[in-house]
Number of protein chains: 2
Amino acid sequence: MSAADETADRAAGGEQPWDEVTPEAARKLLIAAVEAFAERGYHATTTRDIAGRAGMSPAALYIHYKTKEELLHRISRIGHDKALDILDAAYAGAGTPTDRLADAVRSFVRWHAGRHTTARVVQYELEALSETHRTEIIGLRRQSDAVVRRILEEGVEAGEFDVPDVPGTAVAVLSLCIDVARWFNTRGRRTPDEVGALYADLVLRMVSAQKK
Amino acid sequence: MSAADETADRAAGGEQPWDEVTPEAARKLLIAAVEAFAERGYHATTTRDIAGRAGMSPAALYIHYKTKEELLHRISRIGHDKALDILDAAYAGAGTPTDRLADAVRSFVRWHAGRHTTARVVQYELEALSETHRTEIIGLRRQSDAVVRRILEEGVEAGEFDVPDVPGTAVAVLSLCIDVARWFNTRGRRTPDEVGALYADLVLRMVSAQKK
DNA sequence: CCCGACGGTGAGCAAGCGCTTAGAGCCTGA
DNA sequence: TCAGGCTCTAAGCGCTTGCTCACCGTCGGG
């Protein structure tokens, strides 16, 4: 990946992903699976389809992954880690709660728009995970929720936010951002950056203390 | 259904649904399908599962529906009609744009929470529809989008709203409401009414002109 | 009193599914 | 040079899937 690509990619909401997946064949299969799952859904995707997209035979899949479900779990786990990283980075950032909430929403939305293929799988295929894997992932999601709630609480304490219902608003903010993965379309008019900016503005309006 | 049930149901966001589906066996199958699709998703649901929930043999399904996909289409069509009705009613209502937007969000969210089983199928199983059926349904969704956009425009004209990006905000508002179907849980702390009220408040904050 | 229509069942077909296995090709190190 | 270990494939197994078909009970009208 060139330096220019890296810059463009970071602007789109994430660095080159899937680097952590090795060897290359395993990564190619995983990327093929992300595309297929995002297009048709986990259950409508066949192992033959995944292997075909990766230019390999169906049996090749089982050298790198025990089951089709393990593939989904790897995708879901990496994606949730990334999403949580984004929120944590915004929480740890400098500035007022207002700045940090705007930053969190902006970068979180940018990722869901720019990587909407991945995000769609990560956010909407939880039910297909095994019991064990699902509870693991749900733990990560609770952490995301906690980060947003904490930013809101700190904003309220600082007198910057007026939020009567912090847990409810945290759910709404996260829900708003996550659902970008469902409707966002690369062929649409907006770039991930633009959607991120729009959403950051909308969320700030939702929580900011009214000047009367 | 008793009068008390009807009142409780209307409060939950919709009158007794599926009345339009006859005969009774067809309705029982359809209700069973809604439950199964909402729980596991369309592709993970078998015709044997649907028939089993309805207390019938697998073959019975094909007396009332040509294919499994036709069942999904009937559900999706009826659900989208209902959702559009709710928005239209709010649009046609009395009061200022502020009142009507609050009403739209409140009742739309109440439906997505109270009937989240149905709503989940309606909102998240579009991809499983056939090409023809999907384009039909997408038309209905565009109408919903147009209604919200029109309320926003009228509010801006009336000077009640300050919305720099009307189409983008309309998408965000609808997205926020729709995603309730994904996370809402009957065993959670909030009633559909409470979520509706919270969301109506949040949306009004998103669009209302700031008093400075 | 019988008859056709209707709504239902039990059994099962063809196709496609996730996954396995036997073995081929190829790289690596002694 | 070649043995041992990886990676990958061709073939296919056992099972489930959406859907069909021959047949059956029930019931209102002539």
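This tour goes through a predicted model, from a single chain to the pair of chains, the DNA and a few individual residues.

**Chain A as a whole**

Start by selecting chain A and colouring it by secondary structure. Eleven helices and zero strands appear, so the order along the sequence is simply α-α-α-α-α-α-α-α-α-α-α. Turn the chain along its principal axes: the C-alpha atoms fill a box of roughly 65 × 40 × 25 Å. The radius of gyration is 18 Å, which agrees with the value near 17 Å for a compact globule of 212 residues. Of those 212 residues, 42% count as buried. If you display contacts between residues at least 6 apart in sequence, 70% of them join residues at least 24 apart.

**The annotated regions**

Next select residues 23-83 of chain A. UniProt, in an unreviewed entry, lists this range as "domain: HTH tetR-type". In the model the range is 72% helix and 0% strand, and its end C-alpha atoms lie 24 Å apart.

Now narrow the selection to residues 46-65 of chain A, where the unreviewed UniProt entry places the feature "DNA-binding region". Helix makes up 55% of this segment and strand 0%. The C-alpha atoms at its two ends are 14 Å apart.

**Around the DNA**

Show DNA strand C and the residues around it. There are 16 of them, and those that come nearest are Thr46(A), Thr67(A), Ala25(B), Ala59(B) and Ala60(B). The list draws on chain A and chain B. By class, the surface near strand C holds ten nonpolar, four polar and two charged residues.

Switch to DNA strand D. Again 16 residues surround the strand, and here Ala25(A), Ser57(A), Ala59(A), Thr46(B) and Thr67(B) come nearest. The surface near strand D has ten nonpolar, four polar and two charged residues.

**The two copies and where they meet**

Bring chain B back beside chain A. What operation lays chain A on chain B? A turn of 180° with a shift of 0.0 Å along the axis does it, at an RMSD of 0.0 Å. That is the relation of a two-fold axis.

Select the interface next: 24 residues of chain A are in contact with 24 residues of chain B. On the chain A side, α9 (166-178) and α11 (192-207) each supply at least two residues. Helix α9(A) gives the most, with seven residues. By class, this side of chain A has eleven nonpolar, six polar and seven charged residues. The copies meet through the same surface, because 100% of the interface residues of chain A are also interface residues in chain B.

**Helix α7 of chain A**

Select residues 116-124 of chain A, which form helix α7. How many of the nine residues are buried? Eight are, and the helix is mostly covered. The buried residues are His116(A), Thr118(A), Ala119(A), Arg120(A), Val121(A), Val122(A), Gln123(A) and Tyr124(A). To see what covers them, add α2 (24-40), α5 (68-92), α6 (97-114), α9 and α10 (180-183) of chain A. The cover also includes α7 of chain B.

**Three single residues**

Go to Ala128(B), in the loop between α7 (116-124) and α8 (131-157) of chain B. Ala128(B) counts as buried because it has 23 C-beta neighbours inside 10 Å. Beyond its neighbours within four places in sequence, Ala128(B) is in contact with Tyr42(B), His43(B) and Leu72(B). Draw a C-alpha to C-alpha distance from Ala128(B) to His43(B): it spans 7.6 Å, although the two are 85 residues apart in sequence.

Move to Gly159(A), in the loop between α8 (131-157) and α9 of chain A. Is Gly159(A) buried or exposed? With 9 other C-beta atoms within 10 Å, Gly159(A) is exposed. Pro97(A) lies 62 residues away along the chain, and the two C-alpha atoms are separated by 9.7 Å.

Finish at Ala26(B), in helix α2 (residues 24-40) of chain B. Its 19 C-beta neighbours inside 10 Å make Ala26(B) partly exposed, since burial requires 20 or more. Not counting residues up to four places away in sequence, Ala26(B) touches Val21(B) and His64(B). From Ala26(B) to Arg142(B) the C-alpha distance is 29 Å, with their positions 116 residues apart in sequence.

Methods: Residues numbered from 1 in each chain as written. Chains lettered and ligands numbered in written order. Predicted model: local features only at pLDDT ≥ 70, side-chain atom pairs only at ≥ 80, totals over all residues. UniProt positions renumbered as here; feature names shortened; annotations may be inferred. Helix = DSSP H or I, 4+ residues; strand = E, 2+ residues; numbered from the N terminus. Near = placed C-beta within 6 Å. Nonpolar A, V, L, I, M, F, W, Y, C, P; charged D, E, K, R; others polar. Least-squares fit on C-alpha atoms with pLDDT ≥ 70 in both. Contact = placed C-beta atoms within 7 Å. Rg over C-alpha atoms; globule rule 2.2 N^0.38 Å. Buried ≥ 20, exposed ≤ 12 C-beta atoms within 10 Å, placed from the backbone.
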